[in-house]
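Me: I'm new to this structure and would like to start with one small part of it. Could you look closely at that part, then walk me outward from there?

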Amino acid sequence: MNRKLLFFDIDGTLLAGGIPGYIPDSAMEALTQAQANGHYIFINSGRTYGFMPEAIKEFPFDGYVCGCGTEVIFHGETLYHYDLDDSLKRSLDDILTECKIQAVYEGRNSCYFQRRNDAEVFAPIIAIRNSHAKANLEYPIRFFDDPVLDFDKFIILTDTNSDVDLFHTKIKDNFDFIIREEMHPYGFEEIVPKGCSKAGGIDFIINHLKASLDDCYVFGDSTNDLSMLTHVKNSIAMGNAYPEVLRNTSYVTTPIDRDGIRNALKHFKLI
């Protein structure tokens with residue numbers, strides 16, 4: 001069988017309608033047909049597994065690359081997980097405070113927030129906290145001073161008072177930075193353990209399955225998808241993608257809510 005491996009980002013790629021979003025019927029039908037044709041379909045997301053939308057968890061994906069490559073799951077089994085050193089995790093709060101940066105630590109079972117009066121918290125972080133609080137987990141929301149500090153990656157938001165250069169200097173030996181689209185007026189970055197990426201997650205899976213990068217097709221729409229979109233020759237940008245993404249892919253399909261997934265799978269004769 002000429003099996004292919006298909007990797008999909010979530011928000012803006014598979015999910016339409018914002019957060020929590022929905023998978024359009026045309027995308028659902030196309031994914032089901034791709035699996036019936038013998039292809040493997042994977043999620044490749046910046047989200048950790050516990051905080052993936054229920055619409056994603058309910059579909060029978062073959063596997064997941066979670067947290068920008070910090071965890072790889074195939075057929076229900078965790079094949080890889082990057083464990084951050086506990087002392088490193090505990091050191092971050094002081095650095096964030098010194099650099100006047102706000103953050104959310106993202107774990108598989110909990111997300112962690114700084115203890116602050118809401119009047120001092122950047123609005124997008126409040127929105128993230130309110131959204132994550134609805135996750136079907138025992139303790140979806142924890143705080144930086146929790147005795148259990150179990151997370152894989154984190155995001156930061158910055159404003160004009162933040163010293164981003166100092167922050168990068170202090171953590172660059174242990175982390176890579178993904179500059180994301182601004183949450184105006186805030187800067188937005190994903191901070192990932194050094195060497196972890198969406199591209200690295202793909203490499204782990206193809207090595208496990210003894211496949212090839214030529215067997216892979218990747219679908220994305222935002223800047224945190226660039227590592228995988230530039231890693232694989234069959235790279236597909238959604239029509240609603242950011243300009244930098246559109247410039248760095250081999251094919252542009254229609255937007256997600258205009259049958260983008262189905263149109264792309266038909267174009268590449270995967271369905």
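Which residue does Asp259 form a salt bridge with, and how many Å apart are the closest N and O atoms?

Reply: Asp259 pairs with Arg262, and their closest N and O atoms are 3.0 Å apart. Keep in mind that this is a predicted model. Asp259 is partly exposed because its relative accessibility is 28%, and Arg262 is partly exposed too, at 26%. Arg262 lies within helix α9, which spans 260-267.

Elsewhere, salt bridges with shared partners link up into one network made of Glu106, Lys153, Arg180, Glu181 and Glu190. One of its links is Arg180 to Glu190, at 2.7 Å from N to O. Arg180 sits in the loop between β10 (175-179) and β11 (187-193), while Glu190 is in strand β11, so this pair ties together parts that are 10 residues apart in sequence. Are those two residues buried or exposed? Arg180 and Glu190 are both buried.

Another salt bridge joins Asp118 and Arg129, 3.1 Å from N to O. Here Asp118 belongs to the loop between β7 (111-113) and α4 (123-132), with Arg129 in helix α4, so the pair connects parts 11 residues apart in sequence. Asp118 counts as partly exposed because its relative accessibility is 39%. Across the structure, the salt bridge count comes to 17.

Now back to α9, the helix that holds Arg262. It is one of the elements giving two or more residues to the largest nonpolar core; the others are β1 (5-8), α1 (25-36), β2 (40-44), β3 (63-66) and β12 (216-220). That core has 30 residues, and Leu6, Ile56, Phe61, Phe219 and Ile261 touch the most other members. Ile261 is in α9, right beside Arg262 in the sequence. α1 contributes the most to this core, with 4 residues. To see what one core member touches, take Phe61: apart from its neighbours within four places in sequence, Phe61 is in contact with Leu14, Leu31, Gln35, Ile41, Phe42, Ile43 and Ile56.

From the core you can follow β3 outward. β3 pairs with β4 in the antiparallel sense over 4 bridges, with Cys66 standing opposite Glu71 in β4. The two strands make a hairpin with 4 residues between them, and Gly67 in the turn has a positive phi of about 55°. β4 (residues 71-74) sends Glu71 and Ile73 one way and Val72 and Phe74 the other way, yet all of them are buried. On from there, β4 and β5 (residues 77-81) also pair antiparallel over 4 bridges, where Val72 has Tyr80 as its bridge partner. This second hairpin has 2 residues between its strands, and His75 in the turn has a positive phi of about 50°.

What about the cysteines? A disulfide is a covalent bond between the sulfur atoms of two cysteines. How many disulfides does the whole structure contain? The search finds 0. Cys68 can't form one because its sulfur is 9.1 Å from the closest cysteine sulfur, in Cys196. Cys111 is also too far from a partner, with its sulfur 13 Å from the closest one, in Cys66. Cys68 is buried, with a relative accessible area of 1%, and Cys111 is buried with 1% as well.

Last stop is the open sheet, with 6 strands in the order β8-β7-β6-β9-β11-β10 and mixed pairing. β8 and β10 stand at the edges with a single partner strand each, so one side of each has no neighbour in the sheet. From one strand to the next, the twist averages 25°. Inside the sheet, β6 and β7 pair antiparallel over 3 bridges, and Tyr105 stands opposite Tyr112 in β7. Two helices pack on this sheet. Helix α3 (residues 86-98) touches β6, β9 and β10, and its direction makes about 165° with that of β6. α4 touches β6, β7, β8 and β9, with its direction at about 140° to that of β7. The buried residues of α4 are Pro124, Ile125, Ile126, Ile128 and His132, and they pack against β6 (102-106), β7, β8 (141-143) and β9 (153-158). This is the helix that also carries Arg129, the partner of Asp118.

Definitions and conventions:
Predicted model: local features only at pLDDT ≥ 70, side-chain atom pairs only at ≥ 80, totals over all residues. Heavy atoms only, no water. Salt bridge = Lys/Arg side-chain N within 4 Å of Asp/Glu carboxyl O. Buried < 20%, exposed > 50% of the residue type's maximum accessible area, 1.4 Å probe, protein only. Disulfide = S-S within 2.5 Å. Contact = heavy atoms within 4.5 Å. Pairing = 2+ DSSP bridges. Axes fitted to C-alpha atoms, helices over the stretch in contact; angles between N-to-C directions. Core = buried A, V, L, I, M, F, W, Y, C linked by side-chain atoms within 4.5 Å.
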